[in-house]
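Subject: Structure handover

Hi,

Here is the structure I said I would pass on. Have a look at it first, and then read my notes underneath.

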Amino acid sequence: MKNNSFDYSYHYNNWHCDTAESENNDINYAKFMFRIHNLLPIKKSAKILEIGCGMGRYLKMLRNAGYNDLTGIDIDESQIEIARRNEKNIFLSDAYEFLIKDKNKYDVIYMFDVLEHIAKEEQLPLLNEIKKHLTQNGFVAICVPCATCPTANYYRYLDFTHVVSYTRHSIGFLLHNAGLHYYTVRPQYQESEHIQMLKLPWARLYRDEFGIADPILTANLVAVAFQNEDAFKKYIADVPEIHNDYAEPQPPQAVPEKPRGIKRLWKHIREMKF
């Protein structure tokens, strides 16, 4: 069954409503994610495609930031109607079907919370088309559920239309086979010390049993893949590091005991010079 057979509003209305408050929350989150992952194109003239644009809130953030060459596609008609209030180039279409007909090349293609909804046998053909539609220095940014997160099952099965979640290795495997060899896979964000401490037992397990020194335990993974090596190296040099180290708690430092009473007096006497 195709995902466009569902009334998807029943799901997304739990988190993304057609209200000013919800829109503002989504735009602020988009600003945060684009900043920590350095996802804004260098040139304001960049040609941008968002696959799975939903209600168009990431596109609105981009337009507010000065980007005007924007295109969005989605398979959910109710969200498309909302996106078209602010954007003209919004299309109701399956991503693969759109790309095989599209003659444009894009400086950036964003695909957030989309790939996990697509049948596994259709994912590689889609990424192959994405690669064909990137400019020489272009990149694709992808956000998908993280299978190594301690709450991975919740995120995997929260949405009935999810078909898979990913590890750092499996999303890399997929990108590599699509010819996108220059990529990085990053944690979704920097977690608080409190959350890192709660996840420490899982970090220990991954380190001790599987030899994974730096497991990604955030709810999602962010993968950024480039057409060419030079653009990739520049991105790596500029992007802020996100490192959740899930460190073992340090034992409290012993405080030297101060001499008290007769001990303190005797110490004073011994230090006196006669």
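Below is what I found, going from the whole chain down to single residues.

Before anything else, keep in mind that this is a predicted model. The protein chain has 274 residues, and 44% of them are buried. There are 12 helices and 7 strands. If you take the contacts between residues at least 6 apart in sequence, 74% of them join residues at least 24 apart. The exposed surface of the chain comes to about 16,100 Å², with carbon and sulfur atoms supplying 54% of it.

The strand to look at is S7, residues 220-226. Its 7 residues are buried, 7 of 7, so the strand is largely enclosed by the rest of the structure. In a regular strand, side chains alternate between the two faces of the sheet. In S7 both faces are covered: Asn-220, Val-222, Val-224 and Phe-226 are buried on one side, and Leu-221, Ala-223 and Ala-225 are buried on the other.

What does S7 pair with? Strand S5 (residues 134-145) pairs with S7 in the antiparallel sense, over 7 bridges. Strand S6 (residues 182-187) also pairs with S7 in the antiparallel sense, over 6 bridges. If you want a residue to click on for each pairing, Val-222 in S7 is the bridge partner of Cys-143, and Leu-221 in S7 stands opposite Pro-187.

Cys-143 brings me to the cysteines. At 4% relative accessibility, Cys-143 is buried, and Cys-146 is buried too, at 2%. How many disulfides are there? The count is 0. For Cys-146, the closest cysteine sulfur is the one in Cys-149, and at 6.0 Å it is too far for a bond; the cut-off for a disulfide is 2.5 Å.

Next, the charged pairs. A search of the whole structure turns up 10 salt bridges, and I picked out three to describe:

- Asp-214 with Arg-168: the closest N and O atoms are 3.6 Å apart. Asp-214 sits in the loop between helix H10 (200-210) and S7, while Arg-168 is in helix H8 (residues 168-177), so the pair ties together parts that are 46 residues apart in sequence. Both ends are partly exposed, with Asp-214 at 39% relative accessibility and Arg-168 at 33%.
- Glu-191 with Lys-199: the closest N and O atoms are 2.5 Å apart. Both Glu-191 and Lys-199 are buried.
- Lys-234 with Asp-238: the closest N and O atoms are 2.9 Å apart. Both lie in helix H11 (residues 229-238), 4 residues apart, which is about one turn of the helix. Lys-234 is partly exposed, with a relative accessible area of 46%, and Asp-238 is partly exposed at 44%.

Moving on to the helices, H3 (residues 57-64) has Arg-57, Tyr-58, Leu-59, Met-61 and Leu-62 buried. And what covers them? The cover includes helix H2 (20-36) along with strands S1 (48-51), S2 (70-74), S3 (90-92) and S4 (106-112). After H3 comes Gly-66, with a positive phi near 105°.

Helix H5 (residues 95-101) includes Ala-95. Ala-95 is buried, with a relative accessible area of 9%. Leaving aside residues up to four places away in sequence, Ala-95 touches Ile-51, Ile-73 and Leu-126. You can also check Ala-95 against Ile-130: the two are 35 residues apart in sequence, and their C-alpha atoms are 9.3 Å apart in space.

Last, the surface. Tyr-154, Tyr-155 and Leu-158 form a nonpolar patch there, with about 280 Å² of accessible area together. Tyr-154 lies in helix H7 (residues 152-158) and is partly exposed, at 49% relative accessible area. A residue counts as exposed over 50%, so Tyr-154 at 49% stays in the partly exposed class.

That's what I have for now.

Cheers

Note on methods
Residues numbered from 1 in each chain as written. Predicted model: local features only at pLDDT ≥ 70, side-chain atom pairs only at ≥ 80, totals over all residues. Heavy atoms only, no water. Helix = DSSP H or I, 4+ residues; strand = E, 2+ residues; numbered from the N terminus. Buried < 20%, exposed > 50% of the residue type's maximum accessible area, 1.4 Å probe, protein only. Contact = heavy atoms within 4.5 Å. Areas by Shrake-Rupley, 256 points an atom, 1.4 Å probe, with all protein chains shown as cover. Patch = residues over 30% accessible without salt bridge, like charges linked within 9 Å, V, L, I, M, F, W, Y side chains within 5 Å. Salt bridge = Lys/Arg side-chain N within 4 Å of Asp/Glu carboxyl O. Pairing = 2+ DSSP bridges.
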